Amino acid sequence: MQNDEVIWQVIRHKHCSFMSKIETGIFCRNPYNVTGICNRSSCPLANSRYATIRDHDGVFYLYMKTIERAHMPNKLWERVKLPRNYEKALEIIDKHLMYWPKFLVHKTKQRLTKMTQMRIRMRKLALKTREKIMTTPRKEKKREARREEKAEKAAVLDKSIERELLERLKKGVYGDAYKDIYNYPFDKYQKVLEGEEMQLDTEREEEEEEEPEIEYVEGYDELEEEDDIEDFAGFSMDNSRADDDIVGSDEEAEAVIRKRERKESAFASRRFEKDEPGAKSKKKPRVLVEVEHEDAGVRQKAVH
């Protein structure tokens, strides 16, 4: 037969595995304890009639223990699921603990209230975004720093090798067998060449976009040539005007030519007589000059 007083005397004064003594008091770590304090009225082991509330994955259950099931440890606790509504949960507690001690009923309701408030706070904290503080050990930091240094050195080495091979390819050191140099893939060389071509194109575009440079050159030669052209044009215009004045019609042109021939022949004979009075008269060859005018389409002949 179970005696609660004997059990309490053994647990309290001799040994209890759930008891924890600290400076502020003596507490109980048993999950069925309704208050968490180690005393006679709150001990779940020393009370054959006991009730408490427990949480399973966010769902509250009412646990009840009676003396009638003390001989069946596998059926010692009766469990009742409580609804999420706080008021309905209180009604179920009052219904199942109608004839139980008032102290136990009050502590059970108080535990339900505390657990409900805790669940509400947990939901708010889960919805709120907060900064998560994480610690990084020194060894990991040093290891990452060493890896970064090695990676940088390897990248610099790869770039230098790439540059050297590109220069050799441009010089034609390897000839036509440059695709299989040191088993390097040809795609990398092609990418480098394309990158250089793109760079040259961008440089050309920048040069085109730049403002044109201002240059100063001598202009006297061009001016002299222009003056000569103008003089020649004026001379040709004067000649054309003179020709226009002289050439009026066919009859007038013939008359003018005859008069010139007579005057020239008379002047030549007189001069010849003065120079050589006894000499025989020599005939001077005549020079025939033809003048064409584009506008009139008339061809004039003059003998000199």
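1. **What "buried" means here, and one residue that fits.** A residue counts as buried when its relative accessible area is under 20%. Leu-82, at 4% relative accessibility, therefore falls in the buried class. Please keep in mind while reading that this is a predicted model.

2. **The chain as a whole.** The protein chain contains seven helices and seven strands. Following the sequence, you meet them in the order α-β-β-β-β-β-α-α-α-α-α-α-β-β. The chain has 304 residues, and 18% of them count as buried.

3. **The largest nonpolar core.** Which residues touch the most other members of the largest nonpolar core? They are Ile-53, Leu-82 and Leu-112, out of 18 residues in that core. At least two residues come from each of E3, strand E4 (59–65), H2 and H3. Helix H3 gives the most, with four residues.

4. **Leu-82 once more.** This core member sits in the loop between strand E5 (77–81) and H2. If you want a partner to look at alongside Leu-82, try Val-59: the two are 23 residues apart in sequence, and their C-alpha atoms are 7.5 Å apart in space.

5. **Salt bridges: the count.** How many salt bridges does the model have? The count comes to two. Each gets its own point below.

6. **Glu-5 with Arg-40.** The side chains of Glu-5 and Arg-40 form a salt bridge, with 3.5 Å from N to O. Glu-5 belongs to helix H1 (residues 4–13), while Arg-40 belongs to the loop between strand E2 (26–28) and strand E3 (50–56), so this pair ties together parts that are 35 residues apart in sequence. Glu-5 is partly exposed, at a relative accessible area of 39%. Arg-40 is also partly exposed, and its value is 28%.

7. **Asp-94 with Lys-109.** In this salt bridge the closest N and O atoms are 2.5 Å apart. Asp-94 lies in helix H2 (residues 86–96) and Lys-109 in helix H3 (residues 102–127), so the pair ties together parts that are 15 residues apart in sequence. Is Asp-94 buried or exposed? Asp-94 is partly exposed, with a relative accessible area of 34%. For Lys-109 the value is 25%, and that residue is partly exposed too.

8. **The start of helix H1.** Asp-4 is another residue of helix H1. At 18% relative accessibility, Asp-4 counts as buried. With the cut-off for buried set at under 20%, Asp-4 therefore qualifies. Asp-4 and Arg-49 are 45 residues apart in sequence, and the distance between them in space is 9.9 Å, C-alpha to C-alpha.

9. **A loop residue with positive phi.** Asp-57 is worth a look in your viewer. Its phi is positive, about 55 degrees, although Asp-57 is not a glycine. You will find Asp-57 in the loop between E3 and E4. Asp-57 is exposed, with a relative accessible area of 83%.

10. **A negative surface patch.** Which residues form the negative surface patch? Glu-140, Glu-144, Glu-148, Glu-149 and Glu-152 make it up. One of them, Glu-148, is in helix H4 (residues 138–171). Glu-148 is exposed, and its relative accessible area is 52%.

11. **A positive surface patch.** Here the members are Arg-138, Lys-139, Lys-141, Lys-142, Arg-143, Arg-146, Arg-147, Lys-150 and Lys-153. Lys-141 is placed in helix H4, the helix that also holds Glu-148 of the negative patch. It may help to colour the two patches by charge and view them together.

12. **A nonpolar surface patch.** Ile-22, Phe-27 and Ile-37 make a nonpolar surface patch of about 260 Å². Phe-27 belongs to strand E2. Phe-27 counts as partly exposed, at 33% relative accessibility.

Note on methods
Residues numbered from 1 in each chain as written. Predicted model: local features only at pLDDT ≥ 70, side-chain atom pairs only at ≥ 80, totals over all residues. Heavy atoms only, no water. Salt bridge = Lys/Arg side-chain N within 4 Å of Asp/Glu carboxyl O. Buried < 20%, exposed > 50% of the residue type's maximum accessible area, 1.4 Å probe, protein only. Patch = residues over 30% accessible without salt bridge, like charges linked within 9 Å, V, L, I, M, F, W, Y side chains within 5 Å. Areas by Shrake-Rupley, 256 points an atom, 1.4 Å probe, with all protein chains shown as cover. Lys, Arg positive; Asp, Glu negative; His and termini not counted. Charge placed at Lys NZ, Arg CZ, Asp CG, Glu CD. Core = buried A, V, L, I, M, F, W, Y, C linked by side-chain atoms within 4.5 Å.
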